Amino acid sequence: MEIPNETAIKKPKRLTSVVWNHFERIRKADICYAICVHCNKKLSGSSNSGTTHLRNHLMRCLKRSNFDVSQLLAVKRRKKDNTVSLATINGDEAQRQDTYIKPTIMKFDQDQRKDEIVTLASGKFDQDRSRFDLARMIILHGYPLPMVDDVGFKVFVKNLQPLFDLVPNNDVENFCMEIYRKERGKVYEMINSFHGRINLSVEMWYSPEGVEYLCLTAHFIDEEWKLQKKIMNFVTLDLSHTDDLLSEVIIKCLMDWDIDSKLFALTFDDCSTDDDIVLRIKDQISQSRPLLGHGQLFDIRSAAHVINSIVKDALEALREVIHKIRASVKHVRSSQVAQRKFNEISQQVGINSERRLVVDCPVRWDSTCLMLETALEYRGAFSVLQEHDPSYTSDLTDTEWEWTSFIAGYMKLLVEITNAFSGNKYPTASIYFPEICDVHIQLIEWCKSPDDFLRSMALKMKDKFDKYWSKCSLALAVAVILDPRFKMKLVEYYYSQIYGSQSLEKIKDVSDGIKELFDAYSICSTMVDQGSALPGSSLPSTSSDPRDRLKGFDKFLYETSQSQNVTSDLEKYLQEPNFPRNCDFNILNWWKVHTPRYPILSMMARDVLGTPMSTIPPESAFSIDGRVLDKCRSSLNPEIREALICTQNWLQMELKGKCIIH
């Protein structure tokens with residue numbers, strides 16, 4: 001009988017070195033060889049040769065294959081007696097049995113406890129760390145918690161790491177809550193060690209079922225002059241909540257974070273929010289510390305929301321006309337024959353536009369604007385389309401086309417302004433003033449229209465805008481004055497167009513407002529110098545002694561000391577030439593560099609520029625609907641929902657700061 005000249009060795013004893021996980025030991029005649037399972041290279045496998053030469057080859061081989069050579073993963077053939085199956089849950093067991101993949105599985109002792117740390121060469125597997133990594137991944141990317149119970153996920157994890165002990169949904173929730181508590185502690189420490197003031201934005205969210213949520217977000221510019229944004233709370237509101245309850249919820253959240261005495265401004269996402277809510281919050285906060293500048297910059301409303309509200313009014317007024325245009329575009333795009341016929345008509349009437357007709361997405365008003373713009377370019381073709389195509393029944397009158405042209409032009413301006421808000425690299429409060437002034441000027445012109453329909457619509461829109469302007473114009477102006485490229489000059493430029501003969505009076509109001517605010521910061525600085533501030537803080541504390549009759553002394557001391565100073569920070573700043581305008585100007589970096597020159601004014605600039613003048617994120621800038629929570633998260637209990645949303649924001653901001661998110 002012929003004896004095969006190549007046989008596998010039946011090892012009398014276990015090969016203990018980890019390198020044998022990467023080699024197959026065979027015998028050819030009387031010589032032992034070690035065959036690399038990665039490159040099939042044949043090396044000496046004799047017991048007298050040792051394993052050093054095998055390890056050296058393995059390091060070179062794995063580097064060429066882009067393996068992590070710090071962890072020598074086990075890659076031996078599967079043995080039924082001492083390995084764990086890759087897939088206790090699988091889709092195709094027959095194929096799995098017939099297929100051999102060289103980099104197979106990790107080999108380990110069946111009797112080993114799964115909660116122990118398993119070490120292979122220089123690598124190790126940590127059960128607890130892996131569980132928290134899973135929870136952190138779910139939080140960071142907003143994955144649904146039930147994914148851990150999905151069959152496909154279980155198969156993937158078991159094949160990737162057989163040692164990982166899969167945990168049920170409830171356990172993952174517990175891990176997420178533990179991460180939330182740890183991260184909340186870090187955010188709490190960060191905010192309370194911050195020396196400046198905090199701005200807070202208040203947003204309403206909704207579930208598909210109509211449940212309301214309150215999202216509170218802190219905004220501030222840190223010591224390194226970086227704009228920070230942290231979601232503090234995501235509160236589920238009772239269906240029968242009142243305005244009183246809303247103010248109580250906000251005050252409780254402020255006190256839970258111990259930032260009620262550090263609040264500079266409060267930004268609401270809706271201009272129609274009841275003023276009583278703001279007054280109740282103001283009164284509560286003023287009990288511990290008076291608001292700077294008598295709180296003139298405390299109540300802010302979202303600029304993007306007022307623009308969205310104005311757009312809604314325009315779209316509603318033109319609803320029937322927009323419906324006709326949408327039907328007209330759909331008719332042309334309904335078939336190749338209809339499109340070809342329309343193209344022929346367009347050429348006959350002298351239209352050479354290369355833009356294609358588009359149907360809008362009704363919940364995004366920028367797409368509606370685009371639809372109106374392109375339809376207007378083909379107005380001549382649509383006007384005669386019915387003569388060539390009797391099935392077309394959505395033709396517009398000349399007056400309706402004029403209305404469309406008017407509104408489309410205004411909407412285009414609002415699209416550009418909204419893009420300026422959402423696309424700015426440095427979205428500080430200073431970017432809003434010129435854009436909002438352009439809206440104001442355009443509305444004034446609209447109200448002069450001889451067309452009754454357009455004029456009545458413009459008056460309604462301006463009435464809504466005026467409510468916003470009355471609350472926010474001073475904050476907008478103060479913020480832009482703190483931009484060294486503009487200072488008071490941009491306020492003078494726009495106010496002369498908006499107010500005409502009354503502009504000097506309005507400019508003086510702004511000038512008095514910023515001086516009053518600066519004086520308040522100067523008093524704070526005086527109190528800090530005298531040691532009457534909170535420990536480690538640049539903000540003054542208020543005496544709790546009701547018998548203190550010297551509360552006005554600090555102001556008196558500041559005012560009487562002013563005569564000794566030649567010029568204040570503010571006066572010096574305004575007197576110096578404007579910084580040249582350029583596209584890449586970083587206002588935060590400018591103030592960081594010039595803080596030593598303007599120590600008091602820079603303190604004020606940090607708080608003012610950090611005020612959120614808009615609460616809509618870029619991805620929702622053109623949305624007609626409000627902020628809607630997805631079904632997955634709206635189905636969770638309030639505690640875990642708040643934990644997931646807040647922690648996701650904190651982790652994303654942390655990674656963004658480390659330049660890991662791309």
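These are worked exercises on the predicted model shown above.

Residues are numbered from 1 along each chain as its sequence is written. Local features need pLDDT of at least 70, side-chain atom pairs count only at pLDDT 80 or more, and totals for chains, interfaces and linings use all residues, while side-chain values use heavy atoms, with hydrogens and water left out.

**Exercise 1. Find where pLDDT stays under 50.**

Solution. Begin with the whole chain: mean pLDDT (the predictor's confidence in each residue, from 0 to 100) is 82, and 81% of residues reach 70 or more. Next, look for the weak stretches. One is residues 1-12, with 13 contacts beyond four places in sequence; a contact means heavy atoms within 4.5 Å. Another is residues 528-546, for which the model has 36 such contacts.

**Exercise 2. Describe the largest nonpolar core and name the helix that gives it the largest share.**

Solution. Let's set the terms. Buried means under 20% relative accessible area, exposed over 50%, and partly exposed in between (1.4 Å probe, protein chains only). A nonpolar core is a set of buried Ala, Val, Leu, Ile, Met, Phe, Trp, Tyr and Cys residues joined through side-chain atoms within 4.5 Å. Helices (H or I, at least four residues) and strands (E, at least two) are DSSP runs, numbered from the N terminus.

Now the core itself: it has 110 residues, and Trp365, Phe382, Phe433 and Trp591 touch the most other members. Helix α15 (residues 452-481) supplies 16 residues, the largest share. A second, separate core has 66 residues, including Cys176, Tyr213, Cys215 and Leu254. Returning to Trp591, its contacts beyond four places in sequence include Trp225, Tyr573 and Leu609.

**Exercise 3. Compare the span of α5 with the expected span, then find what its buried residues pack against.**

Solution. The expected span is 1.5 Å times one less than the number of residues. Helix α5 (residues 169-192) has 24 residues and reaches 34 Å from its first C-alpha to its last, close to the expected 34 Å. Among its buried residues are Val172, Phe175, Cys176, Ile179 and Glu183. As a reminder, an α-helix has 3.6 residues a turn, so residues three or four places apart point the same way. The buried residues of α5 pack against α3 (127-141), β7 (198-206), β8 (212-221), β9 (227-236) and α23 (638-657).

**Exercise 4. Explain why Cys646 has no disulfide with Cys215.**

Solution. A disulfide is counted when a pair of cysteine sulfur atoms lies within 2.5 Å. The closest cysteine sulfur to that of Cys646 belongs to Cys215 and is 7.1 Å away, so it is too far for a bond. Cys646 is buried, at 0% relative accessible area. The disulfide count by this rule is zero.

**Exercise 5. Place Leu629 in the fold.**

Solution. Start locally: Leu629 sits in the loop between β12 (627-628) and α22 (631-634). Its relative accessible area is 4%, so Leu629 is buried. Then look further along the chain: its C-alpha is 9.9 Å from that of Glu209, although 420 residues separate the two in sequence. Contacts of Leu629 beyond four places in sequence include Trp205, Pro208, Tyr213 and Ile645.

**Exercise 6. Are Trp225 and Asp258, both with positive phi, buried or partly exposed?**

Solution. First, the background: most residues other than glycine have a negative phi. Trp225 has a phi near 60° and lies in the loop between β8 and β9. At 5% relative accessibility, Trp225 is buried. Asp258 also has a positive phi, about 60°, and belongs to the loop between α6 (243-256) and β10 (263-268). At 36% relative accessibility, Asp258 is partly exposed.
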